[in-house]
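Open the model in your viewer and keep the sequence panel in view. Each stop below gives a selection and then what is there.

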Amino acid sequence: MATGLEVLVNIDDSCNAYFNGGMNFMTAGQGCENTALLYDVVLHEYGHGLHLFGLVDGMGAFDGSLSEGVSDFFSAWVTDSPDMAP
């Protein structure tokens, strides 16, 4: 059972964030803000964790496409806005 969530910020790249069991956010650059400072992006990446850590062993598997939908929905629901990184 997971007891913590690793979050890395200021990764030397820009305009992206990703989830790989932890949350990873890029620095500002190339016309993009630091993704760790964008609330809806942070919520989107957290949504991937909700999907992954909500799975029940033997009852399903992680699905990337479904996880994108769950993450988009979670971010839009919390912010009350469908706009991502406006």
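This is a predicted model. Begin with the elements around helix H1: strand S2 (17–19), strand S3 (23–27) and helix H2 (64–79) are among what covers the buried residues of H1.

Now select H1 itself, residues 39–53. Its end C-alpha atoms are 21 Å apart, which agrees with the 21 Å expected because 15 residues advance at 1.5 Å a residue. Colour the buried residues of this helix: Asp40, Val41, Leu43, His44, Glu45, Gly47, His48, Gly49 and His51.

Keep Val41 selected and add Ala17, Phe19, Met23, Phe25 and Leu38; together these six residues form the largest nonpolar core. Strands S2 and S3 each supply at least two residues of this core.

Next, go to Thr35, in the loop between S3 and H1. Is Thr35 buried or exposed? Its relative accessible area is 5%, so Thr35 is buried. Show its neighbours: leaving out residues up to four places away in sequence, Thr35 touches Cys15, Asn16, Ala17, Phe25, Met26, Val41 and Val42. Three of the names in that list, Ala17, Phe25 and Val41, also belong to the largest nonpolar core. For the contact with Asn16, display the backbone: the backbone oxygen of Asn16 lies 2.9 Å from a polar atom of the Thr35 side chain.

Finish at Gly64, which lies in helix H2. Gly64 counts as partly exposed because its relative accessibility is 40%. Draw a distance from its C-alpha atom to that of Asp12: the two residues are 52 residues apart along the chain, and the separation is 25 Å.

Methods
Residues numbered from 1 in each chain as written. Predicted model: local features only at pLDDT ≥ 70, side-chain atom pairs only at ≥ 80, totals over all residues. Heavy atoms only, no water. Helix = DSSP H or I, 4+ residues; strand = E, 2+ residues; numbered from the N terminus. Expected span 1.5 Å × (residues − 1). Buried < 20%, exposed > 50% of the residue type's maximum accessible area, 1.4 Å probe, protein only. Contact = heavy atoms within 4.5 Å. Core = buried A, V, L, I, M, F, W, Y, C linked by side-chain atoms within 4.5 Å. Polar contact = N/O pair within 3.5 Å; in protein donor to acceptor, adjacent residues only side chain to side chain.
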